[in-house]
Amino acid sequence: MPQTPAHAKLRSRAIVLLVGVPAIALHDLFTFLGINGNDAWLATAASVAILCAIAHLANSALDHRAENPDDRDLELQIADLCRRDGLLAVQVAPDANVKAYLPNGSLVLIRCGSADHETHPLDLHDFIGTAHHNHQADIPVFVALHGFTTEARRFARHHGIVLLDRPRLWQWQQGHGLSTLVGTTH
């Protein structure tokens, strides 16, 4: 997901603390062990370099996971967002991904598209059948990280499917409620 400037600044400060505090502790440890002067600073610098490498690898892995969740991770993230927004009886359903109720009783059915390409009308056609015929959903929502073709967007408008692409999902993760996104995605 895209980072805001405030997020990047906070992240930089956290990294400085995570590296700076251990560096001071390492230098003190080396001094305690009898490694003094330049040798203590060289040992500290080497240790900090290793810590930085580990932090970078961990950070890269977390960024990759956030940007490219597997199907199950995405379903669980969507379910958590539904709970955060006050939806009720949230469950991960095998044929719909996430099923939840708005406080007014409306059934929201969310399909998490797992395709590694833009979603096409045929993908939405299969979903709308499940949403209306199998679940009697009031609000069908289709999430696709790789976006939607123009034809898919047209199909969704015609059939009342709410589309959430990566930017809309990011807005939802940043605190925009699902009810707000449902009203602005058509």
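**Exercise 1. The aromatic cluster**

Decide whether Phe148 counts as buried or exposed, then find which aromatic residues cluster with Phe148.

*Solution.* At a relative accessibility of 5%, Phe148 counts as buried, where buried means under 20% relative accessible area, exposed over 50%, and partly exposed in between (1.4 Å probe, protein chains only). The coordinates are those of a predicted model, in which local features need pLDDT of at least 70 and side-chain atom pairs count only at pLDDT 80 or more, while totals for chains, interfaces and linings use all residues. Residues are numbered from 1 along each chain as its sequence is written, and side-chain values use heavy atoms, with hydrogens and water left out.

The next step is the search for ring pairs, which over the whole structure returns 2 aromatic pairs; rings of Phe, Tyr and Trp (its six-membered ring) pair if their centres lie within 6.5 Å, and planes under 30 degrees apart count as stacked, over 60 as edge-to-face and the rest as tilted. For Phe127 and Phe142, the ring centres are 5.7 Å apart and the planes stand at 70°, so this pair is edge-to-face. Since Phe127 belongs to helix 4 and Phe142 to strand 4, the pair ties together parts that are 15 residues apart in sequence; helices (H or I, at least four residues) and strands (E, at least two) are DSSP runs, numbered from the N terminus. Phe142 and Phe148 are also edge-to-face, because their ring centres are 6.1 Å apart and their planes lie at 70°. Phe127 is buried with a relative accessible area of 0%, and Phe142 is buried with one of 4%. Phe127, Phe142 and Phe148 thus form one aromatic cluster.

**Exercise 2. Helix 4**

Compare the expected span of helix 4 with the distance between its end C-alpha atoms, and establish how its buried residues are arranged around the axis.

*Solution.* The expected span is 1.5 Å times one less than the number of residues, so the 14 residues of helix 4 should span 20 Å, and the end C-alpha atoms, being 19 Å apart, agree with that.

The buried residues of helix 4 are Leu124, Phe127, Ile128, Thr130 and Ala131. Seen down the helix axis, they fall within an arc of 160° and therefore line one face, the arc being that of the directions from the helix axis to the C-beta atoms. An α-helix has 3.6 residues a turn, so residues three or four places apart point the same way. On the other side of helix 4, Leu122 and His133 are exposed.

The cover over the buried residues includes strand 3, strand 4, helix 5 (150-159) and strand 5, contact meaning heavy atoms within 4.5 Å. Just after helix 4, Gln136 adopts a positive phi of about 55°.

**Exercise 3. The sheet and strand 4**

Work out what the strand order of the sheet is, and how strand 4 is paired and covered.

*Solution.* The sheet is open, with 5 strands in the order 1-2-3-4-5 and mixed pairing; two strands pair if DSSP finds at least two bridges between them. Its edge strands, each pairing on one side only, are strand 1 (88-93) and strand 5 (162-164). Neighbouring strands are turned by 20° against each other on average, direction ignored, with axes taken as lines fitted to C-alpha atoms (for helices over the stretch in contact) and angles running from 0 to 180 degrees between N-to-C directions.

Strand 2 (residues 97-101) and strand 3 (residues 107-113) run antiparallel and are joined by 4 bridges. Strand 3 and strand 4 instead pair in the parallel sense over 6 bridges, with Arg111 standing opposite Phe142. Strand 4 and strand 5 pair in the parallel sense over 3 bridges, and the partner of Val143 in strand 5 is Leu164.

As for cover, 6 of the 6 residues of strand 4 are buried. Ile139, Val141 and Val143 point one way, whereas Pro140, Phe142 and Ala144 point the other way. In a regular strand the side chains alternate between the two faces of the sheet.

**Exercise 4. Val90**

Determine which residues Val90 is in contact with, leaving aside its neighbours within four places in sequence.

*Solution.* Val90 sits in strand 1 and, at 15% relative accessibility, counts as buried. With those neighbours left aside, its contacts are Ala79, Cys82, Arg83, Val98, Lys99 and Ala100. The C-alpha atoms of Val90 and Tyr101 are separated by 7.1 Å, although the two residues are 11 residues apart along the chain.
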